[in-house]
Amino acid sequence: MPDEAVGHVELRPLDLVGDTGNVAGAVSHQVAGLSAGAGPKAARIQVFGSSLIPGLLQTEDYAHALSRESLPGESEERINERVATRMRRKRVFEKEQVPYYWAIMDEAVLRRPIGSIAIMRAQLRYVLQAIESPRISVQVLPFAQGAHPMLGGSLSLHTLRNGATLAYVESFASGEPVDSPERILELTQRFDVARSKSLPKQESLDLIGSYLREYENDDDS
């Protein structure tokens, strides 16, 4: 994703929740290259979100609402810049070589409204529309599964076309770029366990649809 703005975005959790942000600008030259061009170089992107819609699936309104709540001291101009950068990253799905994209979301992502009810309605409709692409898969990890190894954190795994895998893991106030093979193996295992606990595709779609209907039957009053 050629985007000169990406390289100048600070290494902050809000930016990195978006799967293809400044994934590891401070780790090494190889990983820094991913931050500026994760989309074209990645053959597969796998993400787990414990509390937010993954960045590449966020609508502009959802991203704005999230930014205003998460960065209360930030100016509207800076928030607009961040959101614009995130929206540009979505161009990865318009490339000739579109990466496979696999997102797992905790059910809490669907339950917790970000912004207005109208924003959540539009957001869930957008996710359902995105899943129509054969390159995009979304699963929901339901509350019924209880605890899981990714509880409270978010993870991005980027498999490059040369077979290498890079990762970024984050919690509430900190983030850690990873390129250690041993650590990546551990994180991949955590992701696989979370995926094994998640609903199959159709059941995930049905659950997203049920939340959408709840939002459609609700209002902002």
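Q46 is buried in this predicted model, because its relative accessible area is 3%, and a residue counts as buried when that value is under 20%. The residue belongs to strand β1, which covers residues 42-49. Along the chain, Q46 and Y101 are 55 residues apart, yet their C-alpha atoms are separated by 5.9 Å. Which residues is Q46 in contact with, once its neighbours within four places in sequence are left aside? They are W102, L155, S156, L157, T159, F191 and R195.

A second buried residue can be read in a similar manner. V169 is found in strand β5, which comprises residues 165-170. Its relative accessible area is 16%, and V169 is therefore buried. V169 and L187 are 18 residues apart in sequence, and the distance between their C-alpha atoms is 8.4 Å. When neighbours within four places in sequence are set aside, the contacts of V169 are S154, L155, G175, E176, V178, R183 and L187. L155 thus appears in the list for V169 and in the list for Q46.

These two residues may now be placed in the whole chain. The protein chain has 221 residues, of which 49% count as buried. It contains eight helices and six strands. Read from the N terminus, the order of these elements is α-α-β-α-α-β-α-α-β-β-β-β-α-α. How far apart in sequence are the residues that contacts join? Among contacts between residues at least 6 apart in sequence, 76% join residues at least 24 apart.

The packing of helices is the next topic, and helix α3 provides the example. Helix α3 spans residues 60-70 and helix α4 spans residues 76-89; their axes come within 10 Å and cross at roughly 140°. An angle over 145 degrees would count as roughly antiparallel; at roughly 140°, α3 and α4 are therefore oblique to each other. The crossing of these two helices is right-handed. On the side of α3, the residues that meet α4 are E60, A63, H64, L66, S67 and R68. On the side of α4, their partners are E76, I79, N80, V83, R86 and M87. Sorted by class, this contact has five nonpolar, three polar and four charged residues.

Helix α3 also meets helix α6, which consists of residues 117-130. The axes of α3 and α6 come within 8 Å and cross at roughly 130°, and the two helices are therefore oblique to each other. Is this crossing left-handed or right-handed? The crossing of α3 and α6 is left-handed, whereas that of α3 and α4 is right-handed. D61, Y62 and A65 in α3 meet I119, M120 and Q123 in α6. By class, four of the residues in this contact are nonpolar, one is polar and one is charged.

The final topic is the pairing of charged side chains. Side chains of opposite charge can pair when their charged atoms come close. A search of the whole structure finds nine salt bridges. One of them joins R82 to E74, with the closest N and O atoms 3.0 Å apart. Are these two residues buried or exposed, or do they lie in between? R82 counts as buried because its relative accessibility is 8%, whereas E74, at 22%, counts as partly exposed.

Further salt bridges occur in helix α7, which covers residues 181-197. R183 forms a salt bridge with E186, and the closest N and O atoms are 3.1 Å apart. R183 and E186 are three residues apart in α7, so about one helical turn separates them. The side chain of E186 also meets that of R190 in a salt bridge, at 3.5 Å from N to O. R190 and E186 are four residues apart in α7, which is about one turn of the helix. R183 is partly exposed, because its relative accessibility is 25%. E186 is partly exposed at 36%, and R190 is partly exposed at 32%.

These pairs belong to a wider arrangement. Which residues are linked in a network of salt bridges? The network links E176, R183, E186 and R190. Two of its members, E176 and R183, are also among the residues in contact with V169, the buried residue of strand β5 described above.

Technical notes
Residues are numbered from 1 along each chain as its sequence is written. This is a predicted model: local features need pLDDT of at least 70, side-chain atom pairs count only at pLDDT 80 or more; totals for chains, interfaces and linings use all residues. Side-chain values use heavy atoms; hydrogens and water are left out. Axes are lines fitted to C-alpha atoms, for helices over the stretch in contact, and angles run from 0 to 180 degrees between N-to-C directions. Angles under 35 degrees count as roughly parallel, over 145 as roughly antiparallel, 65 to 115 as roughly perpendicular and the rest as oblique. A crossing is left-handed if the near helix is turned anticlockwise from the far one by less than a right angle, and right-handed if clockwise. Contact means heavy atoms within 4.5 Å. Ala, Val, Leu, Ile, Met, Phe, Trp, Tyr, Cys and Pro count as nonpolar, Asp, Glu, Lys and Arg as charged, and the others, Gly among them, as polar. A salt bridge is a side-chain nitrogen of Lys or Arg within 4 Å of a carboxyl oxygen of Asp or Glu. Buried means under 20% relative accessible area, exposed over 50%, partly exposed in between (1.4 Å probe, protein chains only).
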